[in-house]
Amino acid sequence: MIDLKAARAEPDRLRPGIARKGGADAFEELLAADEQRRELIPRVDELRSRQKLKGKPTPEQVEELKQVKEDLRALEEQLGAADERVDELLRKVPNPAHDSVPDEVTDDAEGDVVRIVGEPPSIEHPKDHLELGRFEMERAARLSGSRFGYVVGDTARLALALYRWALDRVVAQGFTPVLPPVLVREEAMYGTGFFPAERFEIYEVADEGLYLTGTSEVALAGLHMTEILDRDELPLHYTAFSANFRREAGAAGRDTRGMFRVHQFNKVEMFSYVLPEESWDEHERLLAAEESLASELGLPYRVVNIAAAELSAAAAKRYDIEAWFPSQERYREITSASNTTDYQARRLGIRYRGDRGTEHVHTLNGTAVTDRWVLAVLENFQGEVPDVLQEFGAPARVER
RNA sequence: GGAGGGGUGGCAGAGCGGUCGAAUGCGGCGGUCUCGAAAACCGUUUCGGGCCGUUAGGUCCGACGAGGGUUCAAAUCCCUCCCCCUCCGCCA
């Protein structure tokens with residue numbers, strides 16, 4: 001969530017960035033609700049202080065105190081309602097977009113294309129991933145429904161090598177490897193900003209009050225929730241490997257062929273906790289780490305600075321890397337790196353002890369690799385496997 | 001799944017209706033001592049919110065796992081939920 005004190009003190013500074021993400025109305029309602037709440041607080045505080053006594057009261061005092069209790073009951077009810085209203089709106093107001101975030105979605109990208117690296121290969125009649133790898137879509141549909149797939153044989157070896165390779169590279173850069181839970185409680189979903197905005201995307205486990213995470217970002221952000229870290233513990237870098245689950249409720253009819261967009265996929269994720277003044281540098285570092293992975297494999301890609309309207313509630317800025325997919329003859333997202341500044345940290349209560357008391361840390365997340373990288377490798381090299389991946393157990397060539 | 005025990009400040013741990021935001025120890029910070037350090041000694045040290053103040057800070061309110069309730073008054077009593085530990089059972 002945003003900083004309510006800052007919103008109150010200098011609303012004009014926050015207004016544009018929030019409006020660009022479509023939160024203008026919620027923000028104005030929040031300011032009004034906050035004002036109402038602050039009108040009630042001193043009245044409640046005053047009554048409460050009258051309620052406080054040292055030692056036993058006289059019978060007359062008891063009568064008076066009973067009256068205070070009555071007055072307080074009514075006022076506290078109002079304050080409770082005001083608190084709830086503020087909380088509800090605070091959950092709705094998005095993290096303002098950073099000044100460097102573009103407004104426009106250009107013709108074929110979700111934002112500004114920052115750079116294009118590598119050449120799309122010229123392949124005559126390129127085969128798509130279903131023709132190159134072994135995925136077992138129909139059998140998976142029989143088992144689990146549409147948008148599920150088995151990854152089998154050489155293709156599975158390629159996928160596993162990819163995860164291990166990416167993990168290795170990222171760990172070498174100081175990220176601590178983690179195997180996280182993928183079922184989490186509601187508060188973790190709120191804390192990371194996926195609720196309420198993207199609730200429709202999340203699988204719920206009935207009767208347990210648990211949710212399947214769509215990304216291990218949730219578990220990695222939740223790792224330190226409610227903690228006050230020491231300044232010299234920062235920065236903290238984690239990388240997780242996990243399965244991820246998405247309902248793809250808003251994607252009806254899109255990418256229905258093959259493994260491109262499925263309900264369950266694997267991902268190696270990077271996550272950083274940093275000092276506020278360092279988060280923009282860290283964001284660039286995450287992007288650089290992603291680019292070095294794509295480059296090492298030799299994937300042709302481009303970097304997109306995502307437009308404000310396309311950003312999640314939590315992200316102040318996001319870069320996607322899109323790899324070239326020969327069968328689709330276009331660039332498609334394979335990574336995403338977001339700076340959520342203090343938005344998640346504030347909701348999750350993650351702070352550090354600074355020079356001026358406690359402050360919220362900044363958190364960032366970025367993709368290392370996902371199953372989509374398997375498709376990108378298959379399609380760009382038409383079944384041949386880059387040497388580096390063979391060192392991690394992949395076959396030299398994927399046979400179906 | 002069954003039976004017990006427990007959740008209090010950075011950590012350990014007392015308190016079990018008003019004098020408790022909370023003893024004590026450890027840790028942290030500042031100081032004395034010292035050529036310097038250790039030890040010892042002295043002081044200090046939870047978090048959030050409202051208001052006042054340019055700042056330093058002051059002041060009031062809230063928080064003892066979470067949420068309800070009883071009471072003039074709850075860390076302390078009652079209820080619900082969550083979490084942790086021990087033993088038994090089951091199990092990858």
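**Figure 1. Arg 353 of chain A stands opposite Thr 358 of β13 in this predicted model.** The two residues belong to the pairing between strand β12 (residues 351-354) and β13, which is antiparallel and comprises four bridges. These strands are part of an open sheet of three, arranged in the order β6-β12-β13 with mixed pairing. β6 (228-230) and β13 form the edges, each being paired on one side only. From one strand to the next, the twist averages 40°.

**Figure 2. The surface near RNA strand B.** Thr 358, shown above opposite Arg 353, is also one of the residues closest to RNA strand B, together with Asp 45, Arg 48, Ser 49 and Leu 65. In total, 21 residues surround the RNA strand. The elements giving two or more residues to this surface are α3 (24-51), α4 (59-92) and β13 (357-360). Helix α3 gives the most, with seven residues. Sorted by class, the surface has nine charged, seven nonpolar and five polar residues. For the complex as a whole, the predictor reports an ipTM of 0.83 and a pTM of 0.93. Chain A has a mean pLDDT of 92, and 98% of its residues reach 70 or more.

**Figure 3. Strand β8 and its two partners, β7 and β14.** Strand β8 (residues 264-274) is mostly covered, with nine of its eleven residues buried. Strand β7 (residues 236-245) pairs with β8 in the antiparallel sense over ten bridges. Within this pairing, Ala 240 stands opposite Glu 269 of β8. Strand β14 (residues 362-370) also runs antiparallel to β8, and eight bridges join the two. Here Tyr 273 stands opposite Thr 363 of β14. In a regular strand, side chains alternate between the two faces of the sheet.

**Figure 4. Helix α10 (residues 279-297) and the glycine that follows.** The 19 residues of α10 should span 27 Å at 1.5 Å a residue; the end C-alpha atoms lie 28 Å apart, which agrees with that expectation. Buried positions in the helix include Ser 279, Glu 282, His 283, Arg 285 and Leu 286. Further along α10, Leu 287, Ala 289, Glu 290, Leu 293, Ala 294 and Leu 297 are buried as well. An α-helix has 3.6 residues a turn, so residues three or four places apart point the same way. After α10 comes Gly 298, with a positive phi near 85°.

Key. Residues numbered from 1 in each chain as written. Chains lettered and ligands numbered in written order. Predicted model: local features only at pLDDT ≥ 70, side-chain atom pairs only at ≥ 80, totals over all residues. Near = placed C-beta within 6 Å. Nonpolar A, V, L, I, M, F, W, Y, C, P; charged D, E, K, R; others polar. pLDDT = per-residue confidence, 0-100. Pairing = 2+ DSSP bridges. Axes fitted to C-alpha atoms, helices over the stretch in contact; angles between N-to-C directions. Expected span 1.5 Å × (residues − 1). Buried ≥ 20, exposed ≤ 12 C-beta atoms within 10 Å, placed from the backbone.
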